[in-house]
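I set aside some time to go through this model and keep notes. The entries follow the order in which I looked things up.

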Amino acid sequence: MRLTGIDLNLLVALDALLTECNVTRAAERSSVGQPAMSASLARLRKHFDDPLLVREGRRLKRTPLAETLVGPVRRALVATEAVLLRSPAFDPRKDNAAFTIMAADYVTMVLLRPLLESIALEAPNVRICVRPVEADFADQLRHRAVDMVIIPTELAGRRVPFPHEPLFTDRYVLVVDENHPDVGDRVTLEQLTSLRYVAFSGGTVSPISDTELESLGVHLPVELTTESFVVALLLLGGTGLATIALERLARELAGTAQLRIVECPLVLRSIHEAMYWNPRRDDDLAHQWLRRRIIDLARTM
């Protein structure tokens with residue numbers, strides 16, 4: 001086999017184009033400009049003597065030849081990375097590394113914020129980007145658009161057949177303003193259903209599902225919804241509103257937001273947060289280091 005004159009960077013462009021079926025998104029995925037990605041597509045079309053992507057309505061669709069290339073291109077990239085990007089060692093005190101972690105703002109507050117504080121001096125050249133959990137988190141992990149995903153195992157189920165490590169558990173509590181006039185140290189089920197609630201809505205990781213409440217025969221009147229666990233708690237101060245929140249986050253914000261945590265009379269399931277990653281990162285020494293740091297920190301919670 002002769003590779004003379006073949007730009008192996010075209011493999012990266014081809015993988016992005018076959019995955020996204022969109023030149024703009026493929027360019028963003030590869031961190032290049034759209035003109036550069038269009039030029040790469042033109043070179044690939046010439047090399048394969050095939051259009052690879054053809055327009056169907058408003059979208060681009062892979063040609064039959066392109067369909068046969070998806071698997072081999074991905075495997076070729078994985079093999080190339082294993083050969084060329086393997087580091088003989090990783091020294092967090094000196095080496096550069098960048099990671100993208102997908103996690104809810106709840107996990108960011110109770111786990112990742114302390115992590116960033118603890119590694120700031122230990123690993124000055126390590127950069128971590130935290131992104132909110134999206135509906136296609138499994139695909140993003142599969143395609144390595146993110147380095148790891150931290151979500152409840154109850155949400156992941158069988159959708160994420162990847163290596164994972166349990167991190168911590170949490171339970172639900174009722175949270176109100178510290179001076180809420182209608183809530184004492186305890187609440188009955190009747191009192192619980194008479195309160196007005198801030199609810200988490202529209203996100204992927206919901207702290208408590210309507211289905212679970214319906215199974216208990218309970219309806220909680222919702223006055224306000226938000227897509228942020230943190231915002232839901234910060235909205236309670238000085239109001240008569242309430243929310244059902246995860247206890248670790250509630251305790252994290254209780255002092256600052258002047259909140260009171262009350263035992264919830266409902267028997268609600270606990271959640272079990274876990275860290276998931278792509279098995280192709282198992283032997284990555286920098287990735288191993290970050291996984292270990294997260295696991296160690298979670299065990300101290």
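These notes go from the whole chain to its sheets and then to single residues.

**Entry 1: the whole protein**

I began by recording that this is a predicted model. I counted secondary structure next and found twelve helices and twelve strands. For overall dimensions I took the C-alpha trace, which spans about 80 × 50 × 30 Å along its principal axes. I then looked up burial: of the 301 residues in the protein, 43% are buried. The exposed area comes to about 16,400 Å², and carbon and sulfur atoms supply 52% of it. I also checked how contacts are spread along the sequence. Taking contacts between residues at least 6 apart, 74% join residues at least 24 apart.

**Entry 2: the five-stranded sheet**

Which strands form the open sheet, and in what order? I read the order as S9-S8-S10-S7-S11, five strands with mixed pairing. S9 (222-226) and S11 are the edge strands, each pairing on one side only. From one strand to the next, the twist averages 30°.

I followed the S11 edge further. S7 (residues 172-177) runs antiparallel to S11, and four bridges join the two. For a residue-level marker I noted valine 176, whose bridge partner in S11 is arginine 260. Helix H11 packs on this sheet and touches S7, S10 and S11. The direction of H11 makes about 145° with that of S11.

As a reminder to myself on sheets in general, strands pair through backbone hydrogen bonds, either parallel or antiparallel.

**Entry 3: S12 and its partners**

I turned to strand S12, residues 271-277. Is S12 mostly covered or mostly open? It is mostly covered, with six of its seven residues buried.

I listed two pairings for S12. With S5 (residues 148-152) the strand runs antiparallel, joined by five bridges. Two pairs place the register: isoleucine 150 stands opposite methionine 275, and isoleucine 151 stands opposite alanine 274. With S6 (residues 164-170) S12 is again antiparallel, here over six bridges. Threonine 169 has histidine 272 as its bridge partner in S12.

**Entry 4: S5 from the other direction**

I stayed with S5 and looked for its link to S3 (residues 97-103). The two strands pair in the parallel sense over three bridges. Isoleucine 101 has methionine 148 as its bridge partner in S5. S5 thus pairs with S3 in the parallel sense and with S12 in the antiparallel sense.

Why is S5 described as largely enclosed by the rest of the structure? Five of its five residues are buried, so the description holds for the strand.

**Entry 5: arginine 127**

I looked up arginine 127, which lies in strand S4 (residues 126-131). I wanted to know which residues it touches beyond four places away in sequence, and found Ala97, Ala98 and Phe99. For alanine 97 I also noted the spacing: the two residues are 30 apart in sequence, and their C-alpha atoms are 6.3 Å apart in space.

**Entry 6: two positive phi values**

I noted two residues other than glycine with positive phi. Aspartate 49 has phi near 50°. It sits in the loop between helix H3 (34-48) and strand S1 (53-56). Is aspartate 49 buried or exposed? Its relative accessibility is 73%, so it counts as exposed, the cut-off being over 50%.

Glutamine 258 has phi near 55°. It is found in the loop between H11 (247-257) and strand S11 (259-262). Glutamine 258 has a relative accessible area of 45%, so it is partly exposed.

**Entry 7: a nonpolar surface patch**

Last, I looked up which residues form a nonpolar patch on the surface. They are Leu224, Val231 and Leu235, with about 190 Å² of accessible area together. I placed leucine 235 in the loop between helix H10 (229-234) and strand S10 (241-246). Leucine 235 has a relative accessible area of 33%, so it is partly exposed. That value also clears the cut-off of over 30% that patch residues must meet.

Key. Residues numbered from 1 in each chain as written. Predicted model: local features only at pLDDT ≥ 70, side-chain atom pairs only at ≥ 80, totals over all residues. Heavy atoms only, no water. Buried < 20%, exposed > 50% of the residue type's maximum accessible area, 1.4 Å probe, protein only. Pairing = 2+ DSSP bridges. Patch = residues over 30% accessible without salt bridge, like charges linked within 9 Å, V, L, I, M, F, W, Y side chains within 5 Å. Areas by Shrake-Rupley, 256 points an atom, 1.4 Å probe, with all protein chains shown as cover. Salt bridge = Lys/Arg side-chain N within 4 Å of Asp/Glu carboxyl O. Contact = heavy atoms within 4.5 Å. Axes fitted to C-alpha atoms, helices over the stretch in contact; angles between N-to-C directions.
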